[in-house]
Amino acid sequence: MKKRDILEDAKWTMLEKESLLSEYACKSNDAIRIFEDKRDIRPEFFRDIDRIIHSQGYTRYIDKTQVYSFTENDHITHRVLHVQLVSKIARTIGRALRLNEDLIEAIALGHDIGHTPFGHTGERFLNNICKKEGIGYFCHNAQSVRILKDIENVNISIQTLDGILAHNGELLLNKYQPKKDKNKEDVLSEVEGVFTIEGYSKMIRPMTLEGCVVRISDIIAYLGRDIEDAITLEVIKREDLPKQITDILGTDNSSIVNTLIIDIIKNGMDKEYIQFSKDVFKALVDLRNWNFKKIYSSEEALRNREKLEKAFEDMFNIYLEELKDKDYKNHIEFSDNIPASEKRLYEFVNSRSEQYKQNTDVKRIVIDYMAGQTDKFFLRECSSNLDLRFV
């Protein structure tokens with residue numbers, strides 16, 4: 001057999017399983033890209049997975065906060081573990097419902113690439129800065145798309161970008177039904193809308209059922225796991241969990257995840273939407289509300305919040321001063337004796353595409369730079385530039 005025939009056979013083998021997928025699944029042939037590129041034996045969304053895990057944004061997951069930022073405990077969840085848990089949960093649901101697991105995994109692994117250092121706390125700080133500076137808004141879901149599409153120029157499918165944009169795990173619904181009539185222009189318009197219209201992110205629905213699965217899996221992945229972390233850090237005790245919730249969902253992460261997955265599968269089989277049963281959904285809403293009150297608003301979760309907010313504002317102003325008088329739209333030259341933090345900022349700008357540099361306001365460049373930082377990198381920058389100490 002000729003080499004070319006072997007490769008074609010391999011490609012056919014990888015795509016063969018799609019013939020077994022549900023009529024509501026998104027197939028590889030449905031994939032839309034902003035730019036067409038050379039195809040190989042990998043199915044379309046399988047390629048998205050590879051491109052995402054090889055991105056610089058994915059590498060930086062390893063030191064980004066999930067809930068607790070200043071805790072010396074190697075068993076506490078960080079963002080890198082969270083996206084893997086979302087992927088595993090979503091693929092479990094997707095396999096049972098005969099959906100496209102490649103698309104599910106791509107969305108799940110990429111959905112939080114735009115998250116800031118220090119989690120949702122950092123996200124709020126950057127959003128406040130954007131509003132104060134008059135450059136729109138900041139939301140990590142749209143920033144995830146921005147990193148892949150504009151900052152790193154990774155050619156990811158529209159379906160994957162859409163699922164990332166619409167993942168919003170902070171919003172809980174009983175029924176998730178895809179908006180199947182969306183096209184490439186609609187998705188790109190929604191990305192722009194999140195940055196320019198306050199609250200727009202809450203109105204976005206995924207275009208695929210796979211995107212809906214990842215969206216609910218985000219919630220399933222963090223609620224029980226955050227409870228386990230809170231117990232480990234003695235923020236709460238297991239017996240604090242309300243009995244009316246644990247009687248339905250269970251008392252630990254394993255039972256909570258299992259209950260929610262099974263309920264989704266039972267109520268979503270052979271349907272063009274997914275949903276929970278009435279009792280499970282009520283318990284889930286109650287648990288989410290309880291988590292926000294007892295865990296996410298706890299002293300441990302909010303440690304150093306005031307100092308961090310000042311640090312974000314001060315570092316933004318420092319970076320802006322370093323760039324605004326430079327010809328950043330062209331290659332910035334710098335001497336060997338400039339501060340390391342300034343050099344790193346120049347390197348970030350220099351490595352961007354000409355289109356990015358020509359079309360991006362200097363304030364948004366600084367926001368992009370800060371959003372991509374890890375917790376430790378941000379603290380090192382603070383140590384070099386500010387007289388701030390964190391405990």
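Q: Before we look at any ring cluster, when do two aromatic rings count as a pair?
A: Rings of Phe, Tyr and Trp pair if their centres lie within 6.5 Å. In this predicted model, ring pairs join Phe70, Phe118, Phe125, Phe312 and Phe378 into a cluster.

Q: How many aromatic pairs does the structure hold?
A: There are 12 aromatic pairs here. Let's take one from the cluster and read it properly.

Q: Fine, so how is a pair of aromatic rings described?
A: You give the distance of the centres and the angle of the planes. For Phe70 and Phe118, the centres are 5.5 Å apart and the planes sit at 20°, so this pair is stacked. Planes under 30 degrees apart are what counts as stacked.

Q: Where in the chain do Phe70 and Phe118 come from?
A: They link distant parts of the chain, 48 residues apart. Phe70 belongs to the loop between helix H3 (56-59) and helix H4 (79-96), while Phe118 belongs to the loop between helix H5 (101-110) and helix H6 (119-133).

Q: Is Phe70 buried or exposed? And Phe118, buried or exposed?
A: The cut-off for buried is under 20% relative accessible area. Phe70 comes in at 17%, so it counts as buried. Phe118 has 2% relative accessibility and therefore counts as buried too.

Q: Which other pair is stacked?
A: Phe276 and Phe281 make one, at 6.4 Å centre to centre with 25° between the planes. Both of these residues are buried.

Q: What do nonpolar side chains tend to do in soluble globular proteins?
A: They tend to be buried together. In this model, the largest nonpolar core has 114 residues, and those with the most contacts inside it are Ile216, Phe312, Leu323, Met370 and Phe378. Helix H10 (residues 209-232) gives the most to this core, with 12 residues.

Q: Phe378 turned up in the ring cluster as well. What is Phe378 in contact with?
A: Leave aside its neighbours within four places in sequence, and Phe378 is in contact with Pro117, Phe118, Leu308, Ala311, Phe312, Met315, Met370 and Gln373. Among them, Phe118 and Phe312 are fellow members of the ring cluster.

Q: Now for holes: what shows where empty space is left?
A: Rolling a probe the size of a water molecule over the atoms does that. This structure holds two cavities of 30 Å³ or more. The largest has a volume of about 40 Å³, and the second largest about 30 Å³.

Q: Which residues line the largest cavity?
A: Its lining consists of Ser22, Tyr24, Leu97, Leu99, Leu209, Gly268, Asp270, Lys271, Tyr273 and Ile274. Sorted by class, that gives six nonpolar, two polar and two charged residues.

Q: And which residues line the second largest cavity?
A: Here you'll find Leu241, Ile245, Thr246, Leu249, Gly250, Ile256 and Leu287. The classes are five nonpolar, two polar and no charged residues. Helix H11 (residues 243-249) gives the most to this lining, with three residues.

Q: Let's finish with two single residues. Is His115 buried or exposed?
A: His115 is buried, with a relative accessible area of 0%. This histidine lies in the loop between H5 and H6. Sequence neighbours within four places aside, His115 is in contact with Lys64, Arg79, His120, Glu123, His140, Ser144 and Ala371.

Q: And where is Asp361 found?
A: Look in the loop between helix H16 (354-359) and helix H17 (362-371). Asp361 is partly exposed, with a relative accessible area of 41%. Beyond its neighbours within four places in sequence, Asp361 is in contact with Ile135 and Tyr328.

Key
Residues are numbered from 1 along each chain as its sequence is written. This is a predicted model: local features need pLDDT of at least 70, side-chain atom pairs count only at pLDDT 80 or more; totals for chains, interfaces and linings use all residues. Side-chain values use heavy atoms; hydrogens and water are left out. On a 1 Å grid over the protein atoms alone, a cavity is a set of points where a 1.4 Å probe fits but cannot get out, and a pocket is an open set with protein on both sides within 12 Å along at least five of seven lines; lining residues have an atom within 4 Å of a point. Grid points are joined across faces, edges and corners, and a volume is the space filled by probe spheres set on the points. Ala, Val, Leu, Ile, Met, Phe, Trp, Tyr, Cys and Pro count as nonpolar, Asp, Glu, Lys and Arg as charged, and the others, Gly among them, as polar. Helices (H or I, at least four residues) and strands (E, at least two) are DSSP runs, numbered from the N terminus. A nonpolar core is a set of buried Ala, Val, Leu, Ile, Met, Phe, Trp, Tyr and Cys residues joined through side-chain atoms within 4.5 Å. Buried means under 20% relative accessible area, exposed over 50%, partly exposed in between (1.4 Å probe, protein chains only). Contact means heavy atoms within 4.5 Å. Rings of Phe, Tyr and Trp (its six-membered ring) pair if their centres lie within 6.5 Å; planes under 30 degrees apart count as stacked, over 60 as edge-to-face and the rest as tilted.
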